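Let's take a walk through this fold together, one piece at a time. Have the sequence and the 3D view side by side, and turn the view as you read.

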Amino acid sequence: MKNYLEAHRKRALSMREFCSAYGISRSTAYKLMAEGRLKGVTVGAKRLIPTDAAEAWLASLGNNAPQNLAA
């Protein structure tokens, strides 16, 4: 079962999912992408954040991670 779940986990998050999961606003997310600190891709009219890019961004924050993620 574990291999099935790993194989079928989300590889990218919508902008809404990313902002909700990481506790930041859409404007902040777009600013991070414009600065090159967060990688995103556009598919049609939809912006996606690859999960590995989201985790890399979070790791780059070190001790400055959003408070709702500290645990």
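Start where helix α3 comes to its end: Gly36 follows α3, and the phi of Gly36 is positive, near 80°. The model you are looking at is a predicted one, and that applies to every value below. Stepping back into α3 itself, you will find Ala29, Leu32 and Met33 buried. Their directions from the helix axis span an arc of only 100°, so they sit on the same side of α3. Turn to the other side of this helix and you meet Ser27, Lys31 and Ala34, which are exposed. What lies over the buried residues of α3? The cover includes α2, β3 and α4.

Let's now place α3 in the whole chain. The chain has 4 helices and 3 strands, and reading from the N terminus the order is α-β-α-α-β-β-α. Of its 71 residues, 27% are buried. The chain exposes about 5,300 Å², with 53% of that area supplied by carbon and sulfur atoms. Contacts across the sequence are part of the picture as well: among contacts with a separation of 6 or more, 46% join residues 24 or more positions apart.

Helix α4, which covers residues 51–61, is a good next stop. Its buried residues are Thr51, Ala53, Ala54, Trp57 and Leu61. These cover an arc of only 165° around the axis, and therefore they are on the same side of α4. Asp52, Ala59 and Ser60 are exposed on the other side. Which elements do the buried residues of α4 pack against? They meet β1 (12–14), α2 (15–22), α3 (26–34) and β3 (46–50). As with α3, a glycine comes after the helix: α4 is followed by Gly62, with a positive phi near 60°.

Two residues of α4 show what this packing looks like up close. Thr51 belongs to α4 and counts as buried because its relative accessible area is 14%, under the 20% cut-off. Setting aside neighbours within four places in sequence, the contacts of Thr51 are Arg9, Lys10, Arg11, Ala12 and Leu13. Ala54, also in α4, has a relative accessible area of 0% and is therefore buried. With neighbours within four places left out, Ala54 is in contact with Phe18, Tyr22, Leu38 and Ile49. Pick out Tyr22 from that list: it lies 32 residues from Ala54 along the chain, and the C-alpha atoms of the two are separated by 8.6 Å.

Some of those names return when you look at the nonpolar core. In soluble globular proteins, nonpolar side chains tend to be buried together. Here the largest nonpolar core has 14 residues, and the members that touch the most others are Phe18, Ile24, Leu38, Ile49 and Trp57. Helices α2, α3 and α4 each supply at least two residues of this core, with α2 giving the most, 4 residues. Leu38 is a good residue to select on screen. Not counting residues up to four places away in sequence, Leu38 touches Phe18, Ala29, Leu32, Met33, Ile49, Ala53, Ala54 and Trp57. Ala29, Leu32 and Met33 in that list are the buried residues of α3, while Ala53, Ala54 and Trp57 are among the buried residues of α4.

Next, look at strand β1, where Ser14 is found. Is Ser14 buried or exposed? Its relative accessibility is 14%, so Ser14 counts as buried. Leaving out residues up to four places away in sequence, Ser14 touches Lys46, Arg47 and Leu48.

Finally, turn to the charged side chains. Side chains of opposite charge can pair when their charged atoms come close. How many salt bridges does the structure hold? There are 2 salt bridges. In one, the side chains of Glu17 and Lys10 meet at 2.5 Å, N to O. Glu17 counts as partly exposed because its relative accessibility is 31%, and Lys10, at 47%, counts as partly exposed too. Another salt bridge brings together the side chains of Arg37 and Glu35, at 3.1 Å, N to O. Glu35 has a relative accessible area of 41%, so Glu35 is partly exposed.

Technical notes
Residues numbered from 1 in each chain as written. Predicted model: local features only at pLDDT ≥ 70, side-chain atom pairs only at ≥ 80, totals over all residues. Heavy atoms only, no water. Buried < 20%, exposed > 50% of the residue type's maximum accessible area, 1.4 Å probe, protein only. Arc of directions from axis to C-beta. Contact = heavy atoms within 4.5 Å. Areas by Shrake-Rupley, 256 points an atom, 1.4 Å probe, with all protein chains shown as cover. Salt bridge = Lys/Arg side-chain N within 4 Å of Asp/Glu carboxyl O. Core = buried A, V, L, I, M, F, W, Y, C linked by side-chain atoms within 4.5 Å.
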